[in-house]
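Dear colleague,

Please find the structure below, handed over for your own work. My findings follow it.

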Amino acid sequence: MILRFRYSKLSQAAAALTILIGASLLNGCRNETVTPNPADDYYPLTVGTYRAYAVSDTTWSKGVATASNYQLREAITQQYADAAGQPAYRILRARRANSAAAWVDDSVYVVQPLPQSITLTRDNVRSIELIYPIVAGKTWRKYSFTTTRADSVRVFDPSVGKPFTTPGPAPKTYDRTATVRDVQPVALNDGLYRQAGYLQVFAQNAGAVARRRYYYETFITLPNQAQQLTPGVIQQGRSRLEVLIDSGKL
């Protein structure tokens with residue numbers, strides 16, 4: 001599977017991000033009896049290792065796009081036990097302008113491999129990144145462990161278990177992958193005036209190999225407050241693409 005992004009072609013981006021929603025939602029992932037996959041399958045967690053990403057960030061204002069490129073590194077620096085005695089991993093994220101620059105620490109978050117899921121805690125908000133078993137079309141509640149955010153739904157793409165090729169100048173193909181998509185509310189993703197999406201692609205034994213988040217507004221507001229569509233032209237919005245370019249030991 002090849003993921004191609006062209007910010008000027010909204011129809012292609014929308015088609016690439018069609019969301020398949022399961023017939024019923026999980027009330028969290030804690031109420032099912034499942035046979036879990038090993039955490040290392042799609043989210044390796046080994047202290048002293050890192051994953052580095054090339055980031056393409058684009059913002060639009062009044063139809064004008066401004067692009068920036070930089071790199072992010074996520075390093076697993078510590079394993080410890082949480083208050084319940086469960087293992088947790090401290091992830092230190094750093095940023096640099098390019099491969100010639102020095103890494104500068106950016107933020108810290110925590111990842112936990114639970115029997116049926118992988119959770120991520122950032123800014124005191126806990127989200128469920130993956131659930132087990134990994135099955136195409138399966139859905140779960142992203143914020144099942146917290147009441148500080150309005151809950152939303154995540155779903156496994158139909159392409160579970162299939163190859164994926166990363167976009168960009170140095171594409172790499174991974175044999176077995178699982179794509180996770182966030183189901184966007186109609187207010188943000190009506191497919192006409194507004195388009196939004198967030199996806200993560202996890203590869204077996206590699207972890208997250210691509211992430212993309214975007215929000216587009218394709219209309220202008222006239223003096224009479226009416227909204228006039230500008231098909232194919234983004235007036236306001238932002239798109240961010242992260243592609244794995246390196247991994248190894250610190």
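Over the ring of which residue does the charged end of Arg122 sit? The ring is that of Tyr109, and the charged end of Arg122 is 4.6 Å from its centre. A second contact of this kind involves Arg95, which lies over the face of Tyr70 at 3.6 Å from the ring centre. Please bear in mind throughout that this is a predicted model.

The sheet

Twelve strands, written here in their order, form an open sheet: 6-5-4-3-2-1-16-13-12-11-8-7. The pairing is antiparallel. At the edges are strand 6 (125–131) and strand 7 (139–141), each of which pairs on one side only. On average, neighbouring strands of this sheet are turned by 25 degrees against each other, direction ignored.

Three of the pairings may be useful as reference points. Strand 13 (residues 207–217) and strand 16 (residues 236–249) are joined in the antiparallel sense by eight bridges, and Tyr214 has Ser239 of strand 16 as its bridge partner. Strand 11 pairs with strand 12 (residues 194–203) over five bridges, again antiparallel; here Thr177 is matched with Ala203 in strand 12. Strand 8 (residues 153–156) pairs with strand 11 over three bridges in the antiparallel sense, with Asp182 of strand 11 as the bridge partner of Arg154.

Strand 11

Strand 11 (residues 177–182) is largely enclosed by the rest of the structure, because six of its six residues are buried. In a regular strand, side chains alternate between the two faces of the sheet. Accordingly, Thr177, Thr179 and Arg181 point one way from strand 11, while Ala178, Val180 and Asp182 point the other way. Both sets are buried, the charged-type names Arg181 and Asp182 among them.

Aromatic pairs

A pair of aromatic rings is described by the distance of the centres and the angle of the planes. The count comes to five aromatic pairs. In one of them, the ring centres of Trp60 and Tyr216 are 5.4 Å apart and the planes stand at 85 degrees; since an angle over 60 degrees counts as edge-to-face, the pair is edge-to-face. Trp60 belongs to strand 1 (residues 49–61) and Tyr216 to strand 13, so this pair ties together parts that are 156 residues apart in sequence. Both rings belong to buried residues: Trp60 has 9% relative accessibility and Tyr216 has 0%.

Another pair, Trp140 and Phe156, is tilted, with 4.8 Å from centre to centre and 50 degrees between the planes. Trp140 lies in strand 7 and Phe156 in strand 8, so the pair ties together parts that are 16 residues apart in sequence. Trp140 and Phe156 are both buried. In addition, ring pairs link Trp60, Tyr214 and Tyr216 into a cluster.

The largest pocket

The largest pocket has a volume of about 650 Å³ and is lined by 26 residues. Nearest its centre lie Arg93, Arg122, Tyr198, Arg213 and Glu242. Two or more lining residues come from each of strand 5 (117–122), strand 6, strand 12, strand 13 and strand 16. Strand 13 gives the largest share of the lining, six residues. Arg122 therefore appears twice in this account: among the residues nearest the centre of the largest pocket, and with its charged end over the ring of Tyr109.

With kind regards

Key
Residues numbered from 1 in each chain as written. Predicted model: local features only at pLDDT ≥ 70, side-chain atom pairs only at ≥ 80, totals over all residues. Heavy atoms only, no water. Buried < 20%, exposed > 50% of the residue type's maximum accessible area, 1.4 Å probe, protein only. Helix = DSSP H or I, 4+ residues; strand = E, 2+ residues; numbered from the N terminus. Pairing = 2+ DSSP bridges. Axes fitted to C-alpha atoms, helices over the stretch in contact; angles between N-to-C directions. Phe/Tyr/Trp six-rings, centres within 6.5 Å; stacked < 30°, edge-to-face > 60°. Lys NZ or Arg CZ within 6 Å of the ring centre and 35° of its normal. 1 Å grid on protein atoms, 1.4 Å probe; cavity = no way out; pocket = protein on both sides within 12 Å on 5 of 7 lines; lining within 4 Å. Points joined across faces, edges and corners; volume = space filled by probe spheres on them.
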